[in-house]
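Open your viewer and get your selection box ready. We will go stop by stop, with something to pick at each one.

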Amino acid sequence: MNERGAILPSIMVFVFLLVVVLLGSVQIYRNQMYQLLATTEMYEAKSMLSFTEREILDRSKELKMLQTGTITFNNGKVYINKTDSMHYQLEAVTTNQFSLVKQIAVPTIKNGTVQDENEKGIAVP
């Protein structure tokens, strides 16, 4: 057997395995970056929903109820829809088109007491 030609298959197998390992590493890196970006978008959407929920609850205490609306943030928008007298549906959409929906219940204030879904009165200071 010719020794000069025997080294070529060994080198080809080594290069093939090296390429497979490198491509696998790149794919793992890409998946991790995608997951990091998705997690960042989710936290931004949750933050916008929290701020909007706090705004709606503050307005309900001042008896300034709203039906629908949009709140614009630096990272996206939150769309507000009133589903019934005490419930709102909030949909946060980030600038990268990530969307998150949340349902909230707002207590109503009648005669100085907070009326929730179970109609139990709690005195408001």
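Start by selecting L23, which sits in helix α1, the run covering residues 3–61. Keep in mind as you look that this is a predicted model. Is L23 buried or exposed? Its relative accessible area is 57%, so L23 counts as exposed.

Now widen the selection to I7, L8, I11, M12, F14, V15, L18, V19, L22 and L23. Together these residues make a nonpolar patch on the surface, with about 990 Å² of accessible area. For context, switch on the surface of the whole protein chain: its accessible area comes to about 9500 Å², and 59% of that belongs to carbon and sulfur atoms.

Next, zoom out and colour by secondary structure. You should find one helix and seven strands in the protein chain, arranged along the sequence as α-β-β-β-β-β-β-β. The chain has 125 residues, and buried ones make up 17% of them. If you draw a contact map, take the pairs at least 6 apart in sequence: 35% of those contacts join residues at least 24 apart.

Time to go inside. Which residues have the most contacts within the largest nonpolar core? Select I56, Y88 and L90; they hold that place in a core of 13 residues. Helix α1, strand β2 (76–82) and strand β3 (87–94) each supply at least two residues of this core, and α1 gives the most, with five. Stay on I56 and show what surrounds it: beyond its neighbours within four places in sequence, I56 is in contact with I80, Y88, L90, I104 and V106.

From there, move to Q97, in the loop between β3 and β4 (99–105). Check its backbone: phi of Q97 is near 65 degrees, a positive value in a residue other than glycine. Most residues other than glycine have a negative phi. Q97 counts as exposed because its relative accessibility is 61%.

For the last stop, colour by pLDDT. The protein chain has a mean of 84, with 82% of its residues at 70 or more. Where is confidence highest, and where is it lowest? Strand β3 is at the top with a mean of 94, while strand β7 (residues 121–123) is at the bottom with a mean of 39. Select residues 116–125 as well: pLDDT stays under 50 there, and the model has 17 contacts beyond four places in sequence for this stretch. Where pLDDT is low, the predicted coordinates should not be read in detail.

How values were computed
Residues numbered from 1 in each chain as written. Predicted model: local features only at pLDDT ≥ 70, side-chain atom pairs only at ≥ 80, totals over all residues. Heavy atoms only, no water. Patch = residues over 30% accessible without salt bridge, like charges linked within 9 Å, V, L, I, M, F, W, Y side chains within 5 Å. Areas by Shrake-Rupley, 256 points an atom, 1.4 Å probe, with all protein chains shown as cover. Salt bridge = Lys/Arg side-chain N within 4 Å of Asp/Glu carboxyl O. Helix = DSSP H or I, 4+ residues; strand = E, 2+ residues; numbered from the N terminus. Buried < 20%, exposed > 50% of the residue type's maximum accessible area, 1.4 Å probe, protein only. Core = buried A, V, L, I, M, F, W, Y, C linked by side-chain atoms within 4.5 Å. Contact = heavy atoms within 4.5 Å. pLDDT = per-residue confidence, 0-100.
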